[in-house]
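Colleague: Before we start on this one, could you put it up on the screen? I have a handful of questions for you.

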Amino acid sequence: MANIPENLRYTKDHEWVAVDGDTASLGITDYAQHSLGDVVYIDLPRVGDKFGAHEAFGSVESVKAVSEIFTPIAGEVIEVNDGLNDTPEKVNADPYGEAWFVKVKMDNPGEADALLSGEEYEEYLSNNG
Amino acid sequence: MRYIPNSPEERAEMLAAIGLKSADELFRSIPKDVQLGRALQITEPLSEPEVIGSLETLAAKNTAAAKPSFLGAGVYSHFSPTIVDHLIQRSEFFTSYTPYQPEISQGTLQYIFEFQTLICQLTGMEVANASMYDGSTAMAEAYLMAQRVTRRDKIIVADTVHPEYRAVARTYTQHGDAEIVPIGFDETTGRLGSLEGLDEKTAAVVIQSPNFFGCIEDVAAIAEQAHAVGSLLVVVVTEAISFGLLRSPGSCGADIVVGEGQSFGVPMSFGGPHVGLFATREKFVRQMPGRLCGIAYDKDGNRGFVLTLSTREQHIRREKATSNICTNQGLIALAATIYLETMGKKGIHEVAMQNAQKAAYASRKIAGTDGFEIAFSAPKFNEFVVRGRKPATEILRALRENAGIIGGLALSKYYPDRENDLLVCVTETNNRQQIDKLAEALIAANRR
């Protein structure tokens, strides 16, 4: 059963969002890393890049596939986890902790409230997984 | 797959199985008004001797192939050791396709890996791909790669880069965001002029060395200027034999090296097939276009070769791929690999020395004649520009008709205001008698 921390918000594209004031941290869920297999590379944006809601902001590459990653909320990238590509296996080992991808300053801080809760994501997975 | 035609009986059997009487009925869904409705107007079938005779007649029209030639300008006459043709005609090499299944293509993948390694060694770069179509498209792809890497759109291109390469790159980039800014050259030296327009919006500076006029650029100095504003330096090499003598572009600070590998034992073939070279720094490898072969180890620790970093390519990344190329010039890259491995480091250096020395002899001889001078003072490799007092096209005609020599390229073909300039190339295939005859014929042509 995939790990789904209670304090985060989720999307149907298997991203997680951690909200802290008007800053959001983004990453991919345990379910996503498990489906992808061993991650070898993460293509991340640069600080200062701006994205609208549901836009692709990068991609995750595993030994068998490459998947785009979407930001569920609009905002500007203020921090990028640059070191992640030195140890891409962290995405598999610690998807919610050390393997955060970017921190975004949200255009509309309330946007994250519309995302799935841990329970809703869990239900989504059991119906669609 | 067999290449044996089906017999009439086999065809009748197939037609009967699908309920048709003739092969023509297969096309009945095509409207009659767009069908040709008649037989193609070609000759009757010919016997083997008749076919051979007919092709020999065609080939004989290429009278230039039998004359001493001083023509370069992007495609070069070099000697190809017999072993190259002998090996590439082995059916395992000659008929094989792209190595999609590594388990049955280790031979192909190994030579691709050797080719990539040799190109890295020659260019002084860290990673090279399995080859592009030719030098011109390799250069065009370098523009696009520089845009991706720097996220900038301005490309500064020297006017002394091969004009046809620049035309191809324009075709590639015309509907995208690239802003191409030309830079002129110094009339005295023949080298790149000042880098006007180089700024923090520049993705790349693109130069050719030796350039189209045969002049060797100060690559290191240009690299420094480009890097100072965060721009990449792309170095184009059309005459690959020059790697045997000149400092590698990589050691001078190039970020991307592209070029043409035809000089490595590949026939001129009226323009192709040739082989594009593409090499860059390891940190840019994920933005590099083209096929890439890597080494891997199986679970028993045995070494093998495999196409790798495929996520750059369109069959995985679609419109976000680094390029739409999904092939390489396998057989031609193999020919170049065999040539390089036959000649070895010393051999390549020796060939390059012969080119440089013979060209120096020729240019000194011509400079000493009355009526001609050598334009541009920069150091040269195996090409130089001769300036006369008459249109170069007239001089070339006289050389061809009266002395039976292909003298070179009239620069006015690409630089309309340079009517009296002639680009001459001298390689190891030109001997002293031919060069002396060229000088005499130039003098004679001037007199008429």
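**Sheets, strands and helices**

Modeller: Sure, and keep in mind that this is a predicted model. To start with chain A, it has an open sheet of 6 strands, antiparallel in pairing, in the order E1-E2-E3-E9-E8-E5.

Colleague: Which strands of chain A stand at the edges of that sheet?

Modeller: Follow the order E1-E2-E3-E9-E8-E5 in chain A and look for strands with a single partner. Each of those has one side left without a neighbour in the sheet, so the edges are strand E1 (9-10) and strand E5 (50-51) of chain A.

Colleague: Which residue of E8(A) stands opposite A:Lys50?

Modeller: E5(A) pairs with strand E8 (residues 75-80) of chain A, antiparallel, over 2 bridges. Opposite A:Lys50, in E8(A), you find A:Glu76.

Colleague: In what order do the elements of chain A run from the N terminus?

Modeller: There are 3 helices and 9 strands to place in chain A. Reading from the N terminus, they go β-β-β-α-β-β-β-β-β-α-β-α.

Colleague: And what is the radius of gyration of chain A?

Modeller: For 129 residues the globule rule gives 14 Å, and chain A comes close to that, so it is as compact as a globular protein of that length. Its C-alpha atoms fill a box of roughly 35 × 35 × 20 Å along the principal axes, and 34% of its residues count as buried. The radius of gyration of chain A itself is 13 Å.

Colleague: Over to chain B. What share of its contacts between residues at least 6 apart in sequence join residues at least 24 apart?

Modeller: Chain B has 448 residues, 42% of them buried, and its elements come to 12 helices and 13 strands. The C-alpha atoms fill a box of roughly 80 × 55 × 50 Å along the principal axes. Of the contacts you ask about in chain B, the share joining residues at least 24 apart is 72%.

Colleague: How many residues of strand E7 of chain B are buried?

Modeller: Take the two ways its residues point: B:Gly276, B:Phe278 and B:Thr280 go one way, B:Leu277 and B:Ala279 the other, and all are buried. So by the cut-off, each has 20 or more other C-beta atoms within 10 Å of its own. For strand E7 (residues 276-280) of chain B the count is 5 of 5.

Colleague: What is the bridge partner of B:Ile256 in E7(B)?

Modeller: E7(B) pairs antiparallel with strand E6 (residues 256-260) of chain B over 5 bridges. It is also joined by 2 bridges to strand E1 (residues 127-128) of chain B, again antiparallel, with B:Ala128 opposite B:Ala279. As for B:Ile256, its bridge partner in E7(B) is B:Thr280.

Colleague: Which residue takes a positive phi in the hairpin of E8(B) and E9(B)?

Modeller: Strand E8 (residues 293-297) and strand E9 (residues 303-307) of chain B pair antiparallel over 5 bridges, with B:Ala296 opposite B:Gly304. There are 5 residues between the strands of this hairpin, and the one with a positive phi, near 85°, is B:Gly301.

Colleague: There's an open sheet of 4 strands in chain B too. What angle does H11(B) make with E13(B)?

Modeller: The sheet runs E10-E11-E13-E12 with antiparallel pairing. Strand E11 (residues 383-387) and strand E13 (residues 421-425) of chain B share 5 bridges, and B:Val385 has B:Leu423 as its partner. H11(B) packs on this sheet, touching E12 and E13 of chain B, and its direction relative to E13(B) is about 45°.

Colleague: Within what arc do the buried residues of H12(B) fall?

Modeller: The buried ones are B:Ile435, B:Leu438, B:Leu442 and B:Ala445. In an α-helix there are 3.6 residues a turn, so residues three or four places apart point the same way. Seen down the axis, the buried residues of H12(B) line one face, because they fall within an arc of 85°.

Colleague: Which helices does that face pack against, and which residues sit exposed on the other side?

Modeller: The buried residues of H12(B) pack against helix H10 (330-367) and helix H11 (392-403) of chain B. Exposed on the other side of H12(B) are B:Arg432, B:Gln433 and B:Arg447.

Technical notes: Residues numbered from 1 in each chain as written. Chains lettered and ligands numbered in written order. Predicted model: local features only at pLDDT ≥ 70, side-chain atom pairs only at ≥ 80, totals over all residues. Buried ≥ 20, exposed ≤ 12 C-beta atoms within 10 Å, placed from the backbone. Arc of directions from axis to C-beta. Contact = placed C-beta atoms within 7 Å. Rg over C-alpha atoms; globule rule 2.2 N^0.38 Å. Pairing = 2+ DSSP bridges. Axes fitted to C-alpha atoms, helices over the stretch in contact; angles between N-to-C directions.
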